[in-house]
Amino acid sequence: EIVLAAVNSAGRAWLYASDSIKNDEDILRATFAKQGLRVAENMSAQELAKELVLHFVKKDGRDLKFAPNGLNQDPDCLKAAGLFDEEDNKVYERHEKATL
């Protein structure tokens, strides 16, 4: 009830809740409502949490550290936070010379 009240007054309060509370569907839906976002009724708690993390990290990538359930390693969330290198195995050329 305390987290629900906090989310209803400031949607960002969801970021600071424990992972078990972040996965509560009522808390998730209240956070979406406070943020003015619409969600499909058939979305699972995991899908809701991911959409919410995406919403927050697009505004501030540092919020990724509060993502529950390993979403801080999810490629979509990393991209939204600006922390994902889209080019795999890219070789960066180096022009330094060393004398051994």
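1. Nonpolar core. In this predicted model, the largest nonpolar core comprises 22 residues. Those with the most contacts inside this core are W14, L28, L52, V53, L64, L71 and C77. Helices α3, α4 and α5 (75–80) each supply at least two of the core residues. The greatest contribution is made by α4, which gives 8 residues.

2. V53 within the core. V53 is listed among the core residues with the most contacts. When its neighbours within four places in sequence are left aside, V53 is in contact with W14, L64, A67, P68, L71 and C77. Of these partners, W14, L64, L71 and C77 are likewise named among the core residues with the most contacts.

3. Overall architecture. The chain contains 5 helices and 0 strands, and its elements follow the order α-α-α-α-α from the N terminus. The radius of gyration is 18 Å, well over the 13 Å that the globule rule gives for 100 residues, so the chain is more spread out than a compact globule. The C-alpha trace spans about 65 × 25 × 20 Å along its principal axes.

4. Burial and contact range. Of the 100 residues in the chain, 30% count as buried. Among contacts with a separation of 6 or more, 35% are accounted for by residues 24 or more positions apart.

5. Packing of α3 against α4. The angle between the axes and the distance between the axes describe two packed helices. For helix α3 (residues 25–35) and helix α4 (residues 45–59), the axes come within 10 Å and cross at roughly 35°. This crossing of α3 and α4 is left-handed.

6. Residues at the α3–α4 contact. On the α3 side, the contact involves E25, L28, R29, T31, F32 and Q35. These meet A45, L48, A49, E51, L52, H55, F56 and K59 in α4. By class, the residues of this contact divide into 7 nonpolar, 3 polar and 4 charged. L28 and L52, which take part in the contact, are also named among the core residues with the most contacts.

7. T31 and A33 in α3. Is T31 buried or exposed? T31, found in helix α3, counts as buried because its relative accessibility is 0%, under the 20% cut-off. Outside the residues up to four places away in sequence, T31 touches V7, G11, W14, L52 and F56. L52 and F56 belong to the α4 side of the helix contact described above. A33 also has its place in helix α3, but A33 counts as exposed because its relative accessibility is 56%, over the 50% cut-off.

8. Distances from A33. How far apart in space are A33 and T99, C-alpha to C-alpha? The distance is 63 Å, with their positions 66 residues apart in sequence. A45, which lies in helix α4, is 12 residues from A33 in sequence and 15 Å from A33 in space, again C-alpha to C-alpha.

9. N23 and its surroundings. N23 lies in the loop between α2 (19–22) and α3. With a relative accessible area of 24%, N23 is partly exposed. Not counting residues up to four places away in sequence, N23 touches L28, A45, A49, P68 and N69. A45, under the same exclusion, touches N23 and L28. Thus the contacts of N23 include L28 in α3 together with A45 and A49 in α4. N23 and R38 are 15 residues apart in sequence, and their C-alpha atoms are 17 Å apart in space.

10. Backbone of N69. What is notable about the phi of N69? Phi of N69 is near 55°, a positive value in a residue other than glycine. Most residues other than glycine have a negative phi. N69 is located in the loop between α4 and α5 and is partly exposed, with a relative accessible area of 38%. N69 is one of the residues touched by N23, and this contact joins the loop between α2 and α3 with the loop between α4 and α5.

Notes:
Residues are numbered from 1 along each chain as its sequence is written. This is a predicted model: local features need pLDDT of at least 70, side-chain atom pairs count only at pLDDT 80 or more; totals for chains, interfaces and linings use all residues. Side-chain values use heavy atoms; hydrogens and water are left out. Axes are lines fitted to C-alpha atoms, for helices over the stretch in contact, and angles run from 0 to 180 degrees between N-to-C directions. Helices (H or I, at least four residues) and strands (E, at least two) are DSSP runs, numbered from the N terminus. A crossing is left-handed if the near helix is turned anticlockwise from the far one by less than a right angle, and right-handed if clockwise. Contact means heavy atoms within 4.5 Å. Ala, Val, Leu, Ile, Met, Phe, Trp, Tyr, Cys and Pro count as nonpolar, Asp, Glu, Lys and Arg as charged, and the others, Gly among them, as polar. Buried means under 20% relative accessible area, exposed over 50%, partly exposed in between (1.4 Å probe, protein chains only). A nonpolar core is a set of buried Ala, Val, Leu, Ile, Met, Phe, Trp, Tyr and Cys residues joined through side-chain atoms within 4.5 Å. The radius of gyration is taken over C-alpha atoms; the globule rule is 2.2 Å times the number of residues to the power 0.38.
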